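Here is my note on the model you sent round. Please read it with the structure open.

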Amino acid sequence: MKRQNQRRLDNKEDKIFRLDSDRFHWGDLYHLSFILPLPALLGAIASSYLALNILFACAYLLDSKGIANARPGSFQDAFFFSVQTLATIGYGAMSPQSTYTHTLVFVEAFIGLLGVAMATGLMFARFSQPTARVLFSNIAVICPYNGVPTLMFRAANQRNNAIVEAGINARVLLPELTSEGHSLRRLYDLELVRSHTSLFILSWMVMHPINERSPLYGKTAEMLSNSGAQIVVTLQGLDETVKQTMHARKIYQADDIVWDRRFVDVVSFRDDGIRAIDYSHFHDVIPLDL
């Protein structure tokens, strides 16, 4: 009987079930360390460190007289001797005094050097990884703009710096049936009114006119919902602070699209002339006649 492994990928936008896929692969460890929450990553490192010391402590106990100044058969002394060896501390109170223990110390010290180098490199790569604090509206709207039905959603840079040469792309995922009877899902590009901006600082209203060239032309809310349509949005740009490229993405389901509504204006000017953005109404919409 064929074994089926079921994996689920959960994020804020979608849920994907993978059938007949391996649950674990050693090559995914490095990638996994980047997507794990920081508390989980620190917990995994601490658990590995503890397990390694317990393993070596048990190995040291095989020679009851191998550690000088340690109580014979004491797991506590063997464990803390392992901690001192793995961390290359070497207080001097306990020391190896047999060939077997010297060999274990050599192996453990070597593993400790590799472990410190790997943990240091991993943590540096984790903290130096560029991240974007881009906020996308929870919903998209379809409303008239200059007499043309237009798909709109908005994004905002939540940091107090600029994203330079920011570009945004939007595509719609729709089902397609070929003449040969093949059923597939295809991404169609959505032409945007403005897909690039030199400085992304505040809010960005992204607009796609639904005209004769649009893959959404003639589609209704019911048609989009029945077809399982998705709007896939990707944004990238250069963070002016760290001088690295950053990415952000958002997926709108068909049910996330609201018709005949418009977004509440969130950008205003203070009395001193400085522009301000009100995030408390960033996701709010109102009827067209208001």
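The points below cover the cores, the open and closed spaces, the cysteines and a few single residues.

1. **Status of the model.** This is a predicted model. Please read every value below as computed from that prediction.

2. **The largest nonpolar core.** This core has 30 residues. Phe-136, Leu-151 and Ile-168 touch the most other members. Seven strands are worth colouring here: S5 (134-136), S6 (140-145), S7, S8 (163-177), S11 (203-209), S12 (230-239) and S13 (244-253) each supply at least two residues of this core. Strand S8 gives the most, with six residues. A second, separate core has 13 residues, among them Tyr-60, Ala-70, Ala-78 and Val-105. As background, nonpolar side chains in soluble globular proteins tend to be buried together.

3. **Leu-151 and its contacts.** Which residues does Leu-151 touch, leaving aside those up to four places away in sequence? Ala-140, Val-141 and Ile-142 are among them. So are Leu-190, Val-206, Met-207, His-208 and Ile-210. Leu-216, Ile-231 and Ile-257 complete the list.

4. **Phe-153.** This residue is found in strand S7, which spans residues 148-157. Is Phe-153 buried or exposed? Its relative accessibility is 1%, under the 20% limit, so Phe-153 counts as buried. Not counting residues up to four places away in sequence, Phe-153 touches Ser-137, Ile-139, Ala-140, Ile-168 and Ala-170. Its other contacts are Trp-204, Met-205, Val-206, Val-233, Tyr-252 and Phe-263. Ser-33 lies elsewhere: its C-alpha atom is 32 Å from that of Phe-153, and the two are 120 residues apart along the chain.

5. **The second largest pocket.** About 750 Å³ of space lies in this pocket. Its lining has 22 residues. Ile-45, Ser-48, Met-118, Ala-119 and Leu-122 lie nearest the centre. Helices H1 (29-35), H2 (38-60) and H4 (99-128) are the elements that give two or more residues to the lining. The largest share, eight residues, comes from H4. What is the make-up of the lining by class? It has 18 nonpolar residues, four polar and no charged.

6. **The cavity.** The structure holds one cavity of 30 Å³ or more. About 80 Å³ of space lies in this largest cavity. It is lined by 13 residues. Leu-61, Asp-63, Ser-64, Ile-67 and Arg-71 lie nearest its centre. By class, the lining has six nonpolar, four polar and three charged residues. The pocket lining in point 5, by contrast, has no charged residues.

7. **Cysteines.** How many disulfides does the model have? The count comes to zero. A disulfide here needs a pair of cysteine sulfur atoms within 2.5 Å. Two cysteines can be placed by exposure. Cys-58 has a relative accessible area of 40%, between the 20% and 50% limits, so Cys-58 is partly exposed. Cys-143 has 4% relative accessibility, so Cys-143 counts as buried.

8. **Two positive phi angles.** Glu-165 has a positive phi of about 50°, although it is not a glycine. Glu-165 is found in strand S8. Its relative accessible area is 53%, over the 50% limit, so Glu-165 is exposed. Asp-260 also has a positive phi, about 55°, and is not a glycine. Asp-260 is found in the loop between strand S14 (257-259) and strand S15 (261-263). At 46% relative accessibility, Asp-260 counts as partly exposed.

9. **Two exposed residues.** Where is Glu-212 found? Glu-212 is in the loop between S11 and helix H5 (221-227). At 62% relative accessibility, Glu-212 counts as exposed. The C-alpha atoms of Glu-212 and Val-134 are separated by 31 Å, with their positions 78 residues apart along the chain. Ile-35 lies in helix H1. Though a nonpolar residue by class, Ile-35 is exposed, with a relative accessible area of 54%. Ile-35 and Leu-113 are 78 residues apart in sequence and 25 Å apart in space, C-alpha to C-alpha.

Key
Residues are numbered from 1 along each chain as its sequence is written. This is a predicted model: local features need pLDDT of at least 70, side-chain atom pairs count only at pLDDT 80 or more; totals for chains, interfaces and linings use all residues. Side-chain values use heavy atoms; hydrogens and water are left out. On a 1 Å grid over the protein atoms alone, a cavity is a set of points where a 1.4 Å probe fits but cannot get out, and a pocket is an open set with protein on both sides within 12 Å along at least five of seven lines; lining residues have an atom within 4 Å of a point. Grid points are joined across faces, edges and corners, and a volume is the space filled by probe spheres set on the points. Helices (H or I, at least four residues) and strands (E, at least two) are DSSP runs, numbered from the N terminus. Buried means under 20% relative accessible area, exposed over 50%, partly exposed in between (1.4 Å probe, protein chains only). Contact means heavy atoms within 4.5 Å. A nonpolar core is a set of buried Ala, Val, Leu, Ile, Met, Phe, Trp, Tyr and Cys residues joined through side-chain atoms within 4.5 Å.
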